[in-house]
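Work through the exercises below with the model open. Each one pairs a task with a stepwise solution.

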Amino acid sequence: MPKLTIDGKAVEAAKGATLLEAAQQLGVYIPRYCYHPKLSVSGNCRMCLVEVEKTSKLVTACSTEAAEGMSVRTDSEKVKAARRDVLEFLLINHPLDCPICDQAGECGLQDYYMEYSLKKSRFPQGDKVTRQKRRALGPHLVLDNERCVLCTRCVRFCSEVTKTSELEVMERADHSFIDLKEGKSLDNDYSLNIADLCPVGAWTSRDFRFKSRVWFLKKTPTVCLGCATGCLIEAHHNENTVYRLVPRPNAETNTWLCDRGRMTYKAVQAGDRLAKGVIKNGLIDLEPALREAATRIDEQHAAAAVLGSPWLSIEDNAALARLAAEALKTENFCFDFSAEQGIKDGILVNKDPAPNTAGAGLVKAACGGLSLEEFSRRIADKRIKVVITEARAAAFIKDALKASGARLIVFAVNRAEIPPEAYATLPYASYFETPGTFVNYQGLKRRAEPAVEAKEGVKPLWAVVNKLAVYSGTSLRLDSAEDALKGINFR
Ligand code: SF4
Ligand code: SF4
Ligand code: FES
């Protein structure tokens with residue numbers, strides 16, 4: 001563990017740590033373009049130059065190992081001058097795009113220019129080397145070669161993380177540019193990370209570009225519910241609209257996000273979003289829909305059943321457990337879901353497409369209930385004649401429903417989720433609009449936090465369950481998601 005000083009402060013660096021990492025330990029920030037903690041070191045941008053005592057030239061902090069007794073300066077006049085020169089060099093051919101560039105507000109060139117340079121360019125606009133602009137590459141990205149600073153983060157990401165190696169640097173010197181390798185297309189499952197990685201506005205997301213200036217966005221830390229990995233994310237939103245999801249890097253689960261997970265926010269604002277109930281195929285206000293559902297349940301009170309869902313939070317599953325125990329007073333309930341857990345592509349995407357199989361398991365451990373096999377058998381045998389569940393969970397009992405014709409009452413966020421067998425559908429607020437607890441495949445409890453408000457009249461699932469119970473003649477006394485957990489003994 002080498003001991004050294006950085007800007008006069010002593011630090012004991014980890015074995016093999018670079019100067020940039022040792023400085024980070026002290027809270028000293030060294031500017032960088034090509035360095036990324038999860039990619040190999042390429043040391044090409046020179047933005048991280050620092051001065052090391054008894055060394056004649058400045059050295060790159062990202063590629064120089066910290067050594068015993070080193071005395072490093074990150075703030076000397078020599079270092080400041082080098083930063084100004086590197087920026088001048090990088091900006092020689094950079095277009096004057098800031099007013100129309102989607103990266104404005106979170107751009108490494110803008111930020112470092114303001115902080116370390118403010119130098120006027122000595123190169124007239126007419127002498128700039130021009131490159132190709134606005135090339136749609138792959139389903140999710142647009143590349144503007146003129147804005148690129150050739151840090152090669154995008155190239156290294158494709159060769160080291162996705163191992164799909166679609167990109168390369170073509171040509172030489174100031175004619176160099178990033179391009180697709182012949183015969184390749186940029187359609188790997190993680191391509192949108194490239195837009196995050198690119199320190200400037202060269203790669204931008206086709207989905208997000210020009211939708212909102214980044215300084216208008218508010219950030220809500222939450223969790224992706226696209227699969228059992230449960231990646232930590234930030235939802236960026238403004239005026240009740242979610243604009244994008246970005247990763248919240250963490251040591252336990254994720255640095256990146258998959259492209260499908262990034263798009264999960266679309267369901268919140270989709271055209272088929274449910275704000276009313278659906279009976280058979282007709283839209284109907286929530287209260288009459290609840291009354292109708294409750295009437296159908298009452299008709300078959302002794303043969304009504306509840307199926308939980310691995311797509312719902314622990315709290316909403318707990319509300320369903322209480323509906324079964326306190327309102328229906330039935331043993332016909334089931335929280336028994338099993339799915340193979342684990343990363344299926346070596347990066348992030350889980351074998352289990354549901355976000356809360358483990359959380360539903362906790363409700364099962366606390367409340368008991370039937371096995372899924374027994375639950376399905378009772379439907380097929382017509383001992384269960386009405387099933388209340390979440391729309392996607394109905395797939396677990398599809399065959400039994402088909403065989404018996406049991407009546408299905410589901411909770412759904414979007415119309416596309418409604419299974420064809422559903423008799424009644426009740427809308428509920430998505431987990432971008434209401435909080436909930438989920439347990440990922442590693443057994444980590446993660447909290448979905450509301451970023452936006454649900455449409456008027458659309459309530460969290462536990463509140464819809466509460467109303468359904470009232471229409472069936474019982475009060476569960478649920479005033480919050482946490483209330484649903486009362487009386488349930490989680491071990
Ligand atoms: S496109 Fe962006 S990430 Fe790729 S080399 Fe250029 S600046 Fe770096
Ligand atoms: S891997 Fe799963 S949890 Fe992570 S971003 Fe993709 S869908 Fe979401
Ligand atoms: S960050 Fe060190 S050379 Fe680019």
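## Exercise 1: The shell around ligand 2

Task: Sort the shell around ligand 2 by residue class.

Solution:
- Step 1. Note the kind of model: this one is predicted.
- Step 2. Count by class. The shell around ligand 2 has 7 nonpolar, 3 polar and 1 charged residues.
- Step 3. Put names to the shell. Ligand 2 is surrounded by Cys224, Gly226, Cys227, Gly230, Cys231, Leu257, Cys258, Arg260, Gly261, Leu348 and Val349.
- Step 4. Assign the classes. Arg counts as charged and Gly as polar, while Cys, Leu and Val count as nonpolar.

## Exercise 2: The cavity that holds ligand 2

Task: Find which cavity ligand 2 takes up, then describe its lining.

Solution:
- Step 1. List the candidates. There are 3 cavities of 30 Å³ or more in the structure.
- Step 2. Place the ligand. Ligand 2 takes the space of the largest cavity.
- Step 3. Give the volume. The largest cavity contains about 90 Å³ of space.
- Step 4. Read the lining. Residues lining the largest cavity include Thr229, Arg260, Leu348 and Val349. By class, this lining has 7 nonpolar, 4 polar and 1 charged residues.

## Exercise 3: Ligand 1 and its cavity

Task: Describe the surroundings of ligand 1 by residue and by class.

Solution:
- Step 1. Name the neighbours. Around ligand 1 lie Cys148, Val149, Leu150, Cys151, Thr152, Cys154, Ile178, Cys198, Pro199, Val200, Ala202 and Trp203.
- Step 2. Classify them. The shell around ligand 1 has 11 nonpolar, 1 polar and no charged residues.
- Step 3. Place the ligand. The space of ligand 1 is the second largest cavity.
- Step 4. Give the volume. About 80 Å³ of space lies in the second largest cavity.
- Step 5. Go to the centre. Among the 13 residues lining the second largest cavity, Cys148, Cys151, Cys154, Cys198 and Trp203 are the closest to its centre.
- Step 6. Classify the lining. For the second largest cavity, the lining has 11 nonpolar, 1 polar and 1 charged residues.

## Exercise 4: The whole chain

Task: Summarise the protein chain by secondary structure, extent, burial and domains.

Solution:
- Step 1. Count the elements. The protein chain has 13 helices and 22 strands.
- Step 2. Take the extent. Its C-alpha trace spans about 85 × 50 × 40 Å along the principal axes.
- Step 3. Check burial. The protein chain has 491 residues, and 56% of them count as buried.
- Step 4. Set the domain bounds. The assignment gives domain 1 as 3–89 and domain 2 as 277–485.
- Step 5. Separate the domains. Over C-alpha atoms, the centres of domain 1 and domain 2 are 54 Å apart.

Notes:
Residues are numbered from 1 along each chain as its sequence is written. Chains are lettered from A and ligands numbered from 1 in the order in which they are written. This is a predicted model: local features need pLDDT of at least 70, side-chain atom pairs count only at pLDDT 80 or more; totals for chains, interfaces and linings use all residues. Side-chain values use heavy atoms; hydrogens and water are left out. A residue is near a molecule or strand if one of its heavy atoms lies within 4 Å of it. On a 1 Å grid over the protein atoms alone, a cavity is a set of points where a 1.4 Å probe fits but cannot get out, and a pocket is an open set with protein on both sides within 12 Å along at least five of seven lines; lining residues have an atom within 4 Å of a point. A molecule sits in a cavity or pocket if more than half of its atoms lie within 2 Å of its grid points. Domain bounds come from an automatic or database domain assignment. Grid points are joined across faces, edges and corners, and a volume is the space filled by probe spheres set on the points. Helices (H or I, at least four residues) and strands (E, at least two) are DSSP runs, numbered from the N terminus. Buried means under 20% relative accessible area, exposed over 50%, partly exposed in between (1.4 Å probe, protein chains only).
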